[in-house]
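The following exercises concern strand pairing and helix packing. Please work through each task before reading its solution.

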Amino acid sequence: MDRIRIVGGHRLNGSIPISGAKNATLPLMIASLLTDETLVLENVPRLADVALLQRILGNHGVDVMIGGKRPGDTEYEGQTVHISAKRIVDTMAPYELVAKMRASFWVIAPLVARMGEARVSLPGGCAIGTRPVDLLVMALQQLGAEIEIDRGYVVARAPKGLKGGKIVFPKVTVGGTHTALMAATLADGDTVIENAACEPEVGDLADCLNKMGAKITGAGTPTINVTGVRRLSGARHRVLPDRIETGTYAMAVTMTGGDVLLEGARPELLQAALDVLAETGAEISSTNAGVRVARNGSGLAPVEVTTQPFPGFPTDLQAQLMALMTLAAGTSRITETIFENRFMHVQELARLGAQIRLEGETASIEGVPRLNGAPVMATDLRASVSLVIAALAAEGETVVNRVYHLDRGFERLEGKLAACGAEIERLAHA
Ligand code: EPU
């Protein structure tokens, strides 16, 4: 397995191109199952999760064609992917594939909406909590699907098609909202989704579905209305920039010091996180080209932050903020309200010398004057990248093991950081 070696202590200066968002790309690719025409997605990041979803869709009979390079493309240009679910040959998503990536469970919605049946394994995914799918199942039931759990599989049936209905989520769920949206587009009649997730990736999915002929209003607010249509068509859609990648690099620069332009980043997608960074002492400015983050000289101020659904501070940046706060001048408090077990990075940050105390869902981080490099390993994507950030500021060498977690969600991580002056390299497995 590959490892990443980092020698800390270098400031980051230059520019980092922001890739298309992983968490928008995945539901957009899945939405291709709703139509027999071709969906063209631009700005698709080169990530292990995207490749895995390609395999999962292939299993249903979906053809995925990745466009070649065009004149003038830089090495960071996202891919253009043509996805065609002309004929769905199998409505079953097997355990071996779904267990590797939780989001693949979402195929259940377009499959049952278009084909009247789906058999999808209960999911796996990152080890960040129990992460049930009860609310996704409830949403499908509200649209008339009959659900049965059979030997680890969720079987959804709607032989006469789904029917519009009212879905009230008792808790904000991104995957639940994606599922409800996709299913409702082909249902007969009107659907109202209450307490919907407002994450930008939901808005991106709704925009794409509308280009495919869906009738969706209110995406990005807690109440979404969908009027079902008989069929959807192909479309062309550009994936929005990755707000979590943006926030991650913004935190890296704040931690090491320096001055970096995050090219193509959209500040409104992560305003809460940028506000927190400004509080810590970073200088944040927005230009037409993206978001500029700088910190020169000044110390880091501690902060108190609670993760929340959008537009609050995202759980997917919690680990990275914790890494940053290990060097603050004082005690920070970070409360995680979305996933009950998303603190796997705490013990690994401690290996670098961080002082963190956990009490229930709150971590108290007492800033230390310096971190020291060490071998570390993480069990999920965002935790892994928090270790990279910490290593960039630590004295000496850190080796991050289990790099496959990083490859799931960060495109060319070491190339982007090295171009800004970081001493970082991938050690290929011998
Ligand atoms: N929940 C339930 N029942 C359900 C569904 C969710 O109780 O049926 C709970 C979850 O256990 C959690 C909360 O609701 O406590 C929110 O979960 P949500 O459904 O919003 O999460 P998700 O859709 O599974 C997506 C992202 C995550 C991100 C969360 C929250 C993708 C592919 N994944 O997951 O991203 O943390 O929303 O914003 O979009 C990551 O990229 O590293 C990642 C984990």
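**Exercise 1.** Identify the bridge partner of R119 in strand 9, and place strand 9 in its sheet.

*Solution.* Step 1: R119 has V155 as its bridge partner in strand 9. The model is predicted, with local features requiring pLDDT of at least 70 and side-chain atom pairs pLDDT 80 or more, while totals for chains, interfaces and linings use all residues. Residues are numbered from 1 along each chain as its sequence is written, and side-chain values use heavy atoms, without hydrogens and water.

Step 2: Strand 7 (residues 117-121) and strand 9 (residues 153-157) run antiparallel and are joined by 5 bridges. Two strands pair if DSSP finds at least two bridges between them; strands (E, at least two residues) and helices (H or I, at least four) are DSSP runs numbered from the N terminus.

Step 3: The open sheet comprises 4 strands in the order 6-7-9-8, and its pairing is mixed. Strand 6 (92-93) and strand 8 (146-150) each have a single partner strand, so one side of each of these edge strands lacks a neighbour in the sheet.

Step 4: Helix 4 (residues 108-115) packs on this sheet, in contact (heavy atoms within 4.5 Å) with strand 7 and strand 9. The direction of helix 4 makes about 160° with that of strand 7; axes are lines fitted to C-alpha atoms, for helices over the stretch in contact, and angles run from 0 to 180 degrees between N-to-C directions.

**Exercise 2.** Describe how helix 8 packs against helix 10 and helix 12.

*Solution.* Step 1: Helix 8 (residues 243-256) packs with helix 10 (residues 318-325) at about 5°, the axes being 10 Å apart. The two helices are therefore roughly parallel (under 35 degrees; over 145 is roughly antiparallel, 65 to 115 roughly perpendicular, the rest oblique).

Step 2: I244, T248, M251, T254 and M255 of helix 8 meet Q320, L321, A323 and L324 of helix 10. This contact has 6 nonpolar, 3 polar and no charged residues (nonpolar: Ala, Val, Leu, Ile, Met, Phe, Trp, Tyr, Cys and Pro; charged: Asp, Glu, Lys and Arg; polar: the others, Gly among them).

Step 3: Helix 8 and helix 12 (residues 381-393) pack at about 25°, with axes 8 Å apart. Helix 8 is thus roughly parallel to helix 12. The contact of helix 8 with helix 12 has 9 nonpolar, 2 polar and 1 charged residues.

**Exercise 3.** Determine in which sense strand 3 and strand 14 pair.

*Solution.* Step 1: Strand 3 (residues 38-44) pairs with strand 14 in the parallel sense, over 4 bridges.

Step 2: L41 has H237 as its bridge partner in strand 14.
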